[in-house]
Amino acid sequence: APAAPHTEAFAAAIEAGGLLVGRGQMPDGAGWTGTPGSSIFVAFAVLWPSPSRTGGASLAKPHDYLDYMCQVNCVAATSAGAEAAMDIVRGELIDQRLTIDGRVSYKVQMPTDRPASRYDTTTPALHYAVGIFTVRTEPA
C-alpha cells in the first residue's frame, strides 16, 4: 500500500482541528501575518512522513499491513503556542481511526515526542513541539 494516502489522511485529520498543515514545508497562510515579532503569528504543523513498512499476517499475503509513521512538527511564536498546536494534533490523531480509501485503520498511536524547543536562528525566535505518530492499516 502506498504511504501518500496515509499522509493525506493525517493532514485532513489535523486540518479538521483548525490547524494549517504543510508537507515538508510551511503551509500557505501560516507564520507571521505582517512584520515578524509585531504581527500575529499563525501556528502550523509540518508533516515529515516515513516511507513506512509493509508486513503481513501470513506468508501468503506478506504486504497486507502498512505500518505508517509520521513526524509532526508544530511551530508557533511562543512555547505555549507550540504546545497548544501539538494539543490539537494529539486530539485529532491519538486513538482515532483514519479514513483511507481501500484501507481499514487501526487507532493512531504516539509512541514518542520531544520537549518543546526554541529555534533561535530566526528573528524573532520560533518554538517547536515535535511528536511521532504511527498507525497500522490493512486492506478493507
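A45 sits opposite C74 of strand 6, and that pairing is a good way into this predicted model. Helices (H or I, at least four residues) and strands (E, at least two) are DSSP runs numbered from the N terminus, and two strands pair if DSSP finds at least two bridges between them. Strand 4 (residues 44-49) runs antiparallel to strand 6, with six bridges joining them.

Now follow C74 to another partner: C74 also stands opposite A129 in strand 9. Strand 9 (residues 126-139) is antiparallel to strand 6 as well, and 11 bridges join the two. Then there's strand 5 (residues 53-55), which pairs with strand 6 in the antiparallel sense over three bridges; here T54 has L66 as its bridge partner.

What about burial? Nine of the 12 residues of strand 6 (residues 65-76) are buried, so the strand is largely enclosed by the rest of the structure. Buried means under 20% relative accessible area, exposed over 50%, and partly exposed in between (1.4 Å probe, protein chains only).

C74 turns up again around L19, a residue in the loop between helix 1 (4-16) and strand 1 (20-23). With 6% relative accessibility, L19 counts as buried. Setting aside neighbours within four places in sequence, L19 is in contact (heavy atoms within 4.5 Å) with I14, A43, F44, A45, C74, A85, I88 and V89. The C-alpha atoms of L19 and R90 are 12 Å apart, with the two residues 71 residues apart along the chain.

Residues are numbered from 1 along each chain as its sequence is written, and side-chain values use heavy atoms, leaving out hydrogens and water. Local features need pLDDT of at least 70, side-chain atom pairs count only at pLDDT 80 or more, and totals for chains, interfaces and linings use all residues.
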